[in-house]
Amino acid sequence: LERLERLQQLQQLERLTISNKSYLDVELHDGDVIYCDPPYTDTQGYSKDGFNHAEFWQWVRDCPHCVIVSEYSAPADIQLINSIAKISLLKSGSAPRKTKQENLYWNGKGNIMAGTLF
């Protein structure tokens, strides 16, 4: 029975599409759930070109699909759905490691509870 359950989980993973590109370049379909992990505001970004946070948050608002975003903070109209205190892995000299509040935000579109990953 356990082997059958693991096989079913693997079959469900086959439907999962993972990409690493600009949110503006992703082709979206009805029923999609989008998870975004952009460069956090006021931190060093992923690219030398920078990241336009205001443009990104406007895209989140305008997107007709369920969008979940991992960030330290979000505009007031974006709904906080979860929060966890995380200890920073980076340490500066003898200073103690910093604790940051990492959050998940939702644009309020779609049914966030409709599906499961596994």
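This is a short tour of a predicted model, going from the whole chain to single residues.

**Whole chain**

Start with the full protein in cartoon view. Its secondary structure consists of 2 helices and 4 strands, and along the sequence these follow the pattern α-β-α-β-β-β. Switch to a surface view: the protein exposes about 9,400 Å², and carbon and sulfur atoms supply 52% of that area. Of its 118 residues, 20% count as buried. Among contacts between residues at least 6 apart in sequence, 61% join residues at least 24 apart.

**Strands E2, E3 and E4**

Next, select residues 99-106, which form strand E4. Add E2, residues 66-71. E2 and E4 run antiparallel and are joined by 4 bridges. To see one position in this pairing, show serine 70, which stands opposite leucine 104 in E4.

Now add E3, residues 79-87. E3 and E4 also pair in the antiparallel sense, over 8 bridges. Here, pick isoleucine 84; its bridge partner in E4 is glutamate 102.

**The salt bridge**

How many salt bridges does a search of the whole structure find? The search gives 1. To view a salt bridge, show the side chains of arginine 61 and aspartate 77, which meet at 2.6 Å, N to O. This pair links distant parts of the chain: arginine 61 belongs to helix H2, while aspartate 77 sits in the loop between E2 and E3, 16 residues apart. Arginine 61 is partly exposed, because its relative accessible area is 27%, between the limits of 20% and 50%.

**Histidine 65**

Move along to histidine 65, in the loop between helix H2 (53-62) and strand E2. Is histidine 65 buried or exposed? Its relative accessibility is 12%, so histidine 65 counts as buried; the cut-off for buried is under 20%. To see what surrounds this residue, leave aside neighbours within four places in sequence and select its contacts. These include Leu28, His29, Asp30, Gly31, Asp32 and Ile34. Asn107 and Lys109 are also in contact with histidine 65.

**The leucine patch**

Finish at helix H1, residues 2-13, and select leucine 4 within this helix. Leucine 4 counts as partly exposed, because its relative accessibility is 47%. Then add Leu1 and Leu7 and show the surface: with Leu4, they make a nonpolar surface patch of about 340 Å².

Notes:
Residues numbered from 1 in each chain as written. Predicted model: local features only at pLDDT ≥ 70, side-chain atom pairs only at ≥ 80, totals over all residues. Heavy atoms only, no water. Buried < 20%, exposed > 50% of the residue type's maximum accessible area, 1.4 Å probe, protein only. Contact = heavy atoms within 4.5 Å. Patch = residues over 30% accessible without salt bridge, like charges linked within 9 Å, V, L, I, M, F, W, Y side chains within 5 Å. Areas by Shrake-Rupley, 256 points an atom, 1.4 Å probe, with all protein chains shown as cover. Salt bridge = Lys/Arg side-chain N within 4 Å of Asp/Glu carboxyl O. Pairing = 2+ DSSP bridges.
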